[in-house]
Structure formats: C-alpha cells, structure tokens
Amino acid sequence: MQLGASLSHTHLRNIGISPVDALDDFSHLGFSWIRLGCYWSEIERSDNCFDFGEIDTLIEKCAHFNLSVVLTVGMKAPRWPEFYIPQWLSKEGEYCEEKLVPYVLRFIEVCLLHFQSVEIIKVVQIENEPLDPSGPYGWQISSQLLNTEVSLARKIMPVKKILVTVWGNELSKRQHYQIVTALGDIVGFDIYPK
C-alpha cells in the first residue's frame, strides 16, 4: 500500500514553520506520495507575472526524497480560506466566475506548462472540492468551468492522471459524485468525521 499526505506551504508559513524544514521532516514519515498546491494568489501576485520559486523548491526537494507528487492547480486549493484568488483580480468577498474564467484558465495553463516535464508529478488535481461551497463566503465552482479546466489539463498533460475531489460527508444528498466520476481518472472523497 502506498500512503501520502498533503503539505500546505502557505499554512505552514502562517503558523511559523518553514515549509522546507517541514518537507525534510515529512520525508522521514515513510510516505511515498505528497500533495502540493499551486496557490494562485501567491504565484500570480500581479497580472500575468508568475513566480514559481517556492513551489519549485518544494518540487526539487520532493524529487530528492523520491516522492510522487499530486499537484493541485486552480483557484481553490487545500486549507482555509479555500479560494486563493489574487487580490489584484478580486476584492474581498467578491466572486464573479464569469470574470475569473479567462484568468484562472491562463493560470492553470501557465502552471501545467511550467511543470509539464517534471516526472515526479504523477497526478494533477483540478481545484480542491470545486463543486462544494466553502470558504468564508460559501463559494463554489460551476461544473461547466470544472469541465473546461479538466479538458485543458488533459490537453497539456495527456499522460498525467487527473484527480477531482468532492466533499464526502452527506454525499448521498448531493449529486456531485456523478460529475466528478465522469471527469476524473481518480476521484477523491474528503471525509470529515467531526
């Protein structure tokens, strides 16, 4: 059995822990997989200016430790506040998917092209729980946008598996699993017992 865990470098920094030091510690846990996120608000701090410095460093360390990587791309990534839309594009509390579409598609494309030849990236996760309302404002991504994002990822990285996740609690009350199973090669169910 292969096990893995997520490492949120933004969360680690927020609580005063060096992401590189945490990754060193992670390497001693015996996991073979790690999930890392491309946090849009950090990578594209100004319009069409991309900085992959921190995530590149983490990817290089993962290669050194022989870890397989699941890379999350999109506007929604693991950890609160869920949505990582750059400040230059959206005011606090404002979400207009129609306005964001060309920018998030450009971001995904730039990320995937940047990491296209990185062999340790085995799986690309498109958004994190995209169809589920979350964050401080309960926003969610439409199935139409998710479908477009997945199609873009398949075009750029045809040999990588696509992961789509859904909040697993009370799954029978929602029909999201039908959408994600149609889109993803791998479907992740996030279960929160408390």
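In the predicted model, β1 and strand β2 (residues 33–37) are paired in the parallel sense, and 3 bridges connect them. Within this pairing, Ser6 is placed opposite Arg35 of β2. The two strands belong to an open sheet of 6 strands, arranged in the order β1-β2-β3-β4-β5-β6 with parallel pairing. The edges of the sheet are formed by β1 (4–6) and β6 (186–190), each of which pairs on one side only. Averaged over the sheet and with direction ignored, neighbouring strands are turned by 25 degrees against each other. In general, the strands of a sheet pair through backbone hydrogen bonds, in either a parallel or an antiparallel manner.

Helices were examined next for their packing on this sheet. Helix α4 (residues 53–64) packs on the sheet and touches β2, β3 and β4. The direction of α4 makes about 175 degrees with that of β2; because angles over 145 degrees count as roughly antiparallel, α4 is roughly antiparallel to β2. Helix α5 likewise packs on the sheet, where its contacts are with β3 and β4. Between the direction of α5 and that of β3 the angle is about 160 degrees.

Helix α5 (97–115) also packs against helix α6 (143–156), at an angle of about 20 degrees and with the two axes 10 Å apart. The angle makes α5 roughly parallel to α6, since values under 35 degrees fall in that class. The crossing of α5 past α6 is right-handed. On the α5 side, the contact is made by Glu97, Val101, Val104, Leu105, Ile108, Glu109, Leu112 and Leu113. The α6 side contributes Leu145, Thr148, Glu149, Leu152, Ala153 and Ile156. By residue class, this contact between α5 and α6 comprises 10 nonpolar, 1 polar and 3 charged residues.

Val110 is also located in helix α5. With a relative accessibility of 24%, Val110 counts as partly exposed, because that class lies between the limits of 20% for buried and 50% for exposed residues. When residues up to four places away in sequence are not counted, Val110 touches Phe50 and Phe52. Val110 and Leu23 are separated by 87 residues in sequence and by 25 Å in space, from C-alpha to C-alpha.

Backbone geometry was then considered in the loops. Most residues other than glycine have a negative phi, and most peptide bonds are trans. In the loop between β3 (68–73) and α5, which contains Pro81, the peptide bond from Trp80 to Pro81 is cis, with omega near 15 degrees. Glu82 lies in the loop between β3 and α5 as well. Although Glu82 is not a glycine, its phi is positive, near 75 degrees. The relative accessible area of Glu82 is 15%, so this residue is buried, the limit for that class being under 20%.

A positive phi of about 60 degrees is also found at Glu127, again in a residue that is not a glycine. Glu127 is part of the loop between β4 (121–126) and α6. The relative accessible area of Glu127 is 0%, and Glu127 is therefore buried.

How values were computed:
Residues are numbered from 1 along each chain as its sequence is written. This is a predicted model: local features need pLDDT of at least 70, side-chain atom pairs count only at pLDDT 80 or more; totals for chains, interfaces and linings use all residues. Side-chain values use heavy atoms; hydrogens and water are left out. Helices (H or I, at least four residues) and strands (E, at least two) are DSSP runs, numbered from the N terminus. Buried means under 20% relative accessible area, exposed over 50%, partly exposed in between (1.4 Å probe, protein chains only). Two strands pair if DSSP finds at least two bridges between them. Axes are lines fitted to C-alpha atoms, for helices over the stretch in contact, and angles run from 0 to 180 degrees between N-to-C directions. Contact means heavy atoms within 4.5 Å. Angles under 35 degrees count as roughly parallel, over 145 as roughly antiparallel, 65 to 115 as roughly perpendicular and the rest as oblique. A crossing is left-handed if the near helix is turned anticlockwise from the far one by less than a right angle, and right-handed if clockwise. Ala, Val, Leu, Ile, Met, Phe, Trp, Tyr, Cys and Pro count as nonpolar, Asp, Glu, Lys and Arg as charged, and the others, Gly among them, as polar.
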